[in-house]
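Got your viewer open? Let's walk through this one stop at a time, selecting as we go.

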Amino acid sequence: MASSDYGASRLTQVRVWVTEWAASLELPVSVWLLCETAVFRLGVSGVAVTMDNAAGWPETRHSTDVLSARLVELQVTVGEGPCADACQAGGPVLVADLDSPAIQRRWPLFAPLAVEAGARALFALPLCVGTIRFGILALHHIEPRQLEPATLADSLAFAALALRLLLDEQAGLPTTDGGLPLHNPQVHQATGMISAQLNVGMEDAFARLRARAFTDQRPLADLAVDVVARRLRFDPTGETT
Amino acid sequence: MGEERLVDTFVELADTLIDDFDVIDFLHLLVDRCVELLDVDAAGLLLANQHGQLQVIATSNEQVRLLELFQLQNDEGPCLDAFAIGTGVSHADLTTAAARWPRFAGAATDAGFAAVDALPMRLRSEVIGALNLFRTSPGVLDDTALRTAQALVAVATIGLLQERSIRNQEILTEQLQTALNSRVVIEQAKGLVAERLGVDMQGAFAALRGYARGYNLKLSDVARAVIAGRTGTHDLLATPSRPVSQGDSAANA
């Protein structure tokens, strides 16, 4: 039953690749380094991470090349594209060939401009946990390409790692090798409860939950169980029961 | 089981496939109808991601959800077996299942279940997930119920695979990842609603779903609207006494 370990093992492998690359450059692990590692490991032409700015528009936070950044700009300019769709859907949008008739019909403004700019394949992977949204990990390729299953799995793993780096940054926590139990529904239920208790958004609620787990040196999942069972409340005036 | 209700169910499933297809709503419909039509007490549905890892997508109640998770975490249980071998797996009396599934059997009986059936969601050689049916009294699923379950599972499998060829991993990935994220949105909304209304997660889910059905909206859209503050938490309790049809909600929009 190899399968249930496969996803976790891909995330572990991607983490190792990024960490090794960082170590070889004597730099800390970062989202930018993740993008560079992804280009090499996935064999794609370029990678960008977009994040929504204060006005709600996606901005390129990191890109490995000019075309990656250009593709982001184009989508903002024409107001459509795989990244916007991925953001809205909360799931990936994988385009093997921007020049195909179906795709040209789907994004009549963006697709021709993207092809003209030199891109043929585009894979938009949202970086989100429910309504907690950071942006997109966007991979492009200058030739049409249907991602092979292993490459697709690794692409998702890169997105999962990027998400974790961004979550750690938001929570002000050091990046660890520990797993983040994002498959656990009680973690998300607890987040929702804390959001209501503190009257803050889900991003802040989740950051508070993580910070508390870190301070108490307890696994996040255990803390979530306590919140859902109402043994632990978060109080706007200070600390908790 | 009522024949008419069975026909209604297939019509409903077909309509969902043809019109605005939403994986989460479709699968919730399926598990609910299973409970209603097959004389079982709970149902849970898991889909595999492209790593072959099973993820819970829909259950007929919160308790079952915990159980499915349990299965996954401990790498044992009827659903996992059905998924792995590609044929149905049953156990008529879970008090005798300890040797087969040491941890699952105990958790299932603790949760009040006495019998289980698991059907793989399979199309030819590809198994994409599994359906788990639970009963509170021991026994086997009768023949008619089993065949009905197989037919419902087949419709669901075809529906999920409809958009693409089985070789195309990309659409499966898009569909599954989107459904999983929608699931997280729903969990976040449950927490928010549970806290504000002072109810448990089951009650929070019922409020969200009652509103979604009453106004013919997608569950995940209602969840997003509540989180964003576009729909007030207390508005969830004021659903119309009869479900609003598609035409009505368009007129009200």
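## Starting with chain A

Colour chain A by itself and think about its contacts: of those with a separation of 6 or more, 56% are between residues 24 or more positions apart. Keep in mind that this is a predicted model.

Switch to cartoon view and you should be able to pick out 10 helices and 5 strands in chain A. Now zoom out and turn the chain around. Its C-alpha trace spans about 60 × 40 × 35 Å along the principal axes. How does the radius of gyration of chain A sit against that of a compact globule? For 241 residues such a globule would come out near 18 Å, and chain A has 19 Å, which agrees. As for burial, 45% of the 241 residues in chain A are buried.

## Two loops with a positive phi

Next, select Glu26(A). You'll find Glu26(A) in the loop that links α1 (3-25) and α2 (31-42) of chain A. Check its backbone: phi is positive, about 55 degrees, although Glu26(A) is not a glycine. Is Glu26(A) buried or exposed? Exposed, because just 6 other C-beta atoms lie within 10 Å of Glu26(A), and 12 or fewer counts as exposed.

Now jump along the chain to Asn199(A), in the loop between α8 (185-198) and α9 (202-216) of chain A. Here again a residue other than glycine has a positive phi, near 55 degrees. Asn199(A) has 10 other C-beta atoms within 10 Å, so Asn199(A) is exposed.

## Over to chain B

Select residues 42-48 and 54-59 of chain B. These are strands β1(B) and β2(B), and they pair in the antiparallel sense over 5 bridges. For a spot to centre on, take Ala48(B), which stands opposite Leu54(B) in β2(B). Why call β2(B) largely enclosed by the rest of the structure? Because 5 of its 6 residues are buried.

## Where the chains meet

Last stop: show both chains and select the residues in contact across them. That gives you 32 residues of chain A against 31 of chain B. On the chain A side, α1, β3 (93-95), β4 (121-129), α7 (149-171) and α8 each supply at least two residues. Which element of chain A gives the most to this side? That's α8(A), with 10 residues. Colour the chain A side by residue class and you get 17 nonpolar, 14 polar and 1 charged.

Methods
Residues numbered from 1 in each chain as written. Chains lettered and ligands numbered in written order. Predicted model: local features only at pLDDT ≥ 70, side-chain atom pairs only at ≥ 80, totals over all residues. Helix = DSSP H or I, 4+ residues; strand = E, 2+ residues; numbered from the N terminus. Rg over C-alpha atoms; globule rule 2.2 N^0.38 Å. Buried ≥ 20, exposed ≤ 12 C-beta atoms within 10 Å, placed from the backbone. Contact = placed C-beta atoms within 7 Å. Pairing = 2+ DSSP bridges. Nonpolar A, V, L, I, M, F, W, Y, C, P; charged D, E, K, R; others polar.
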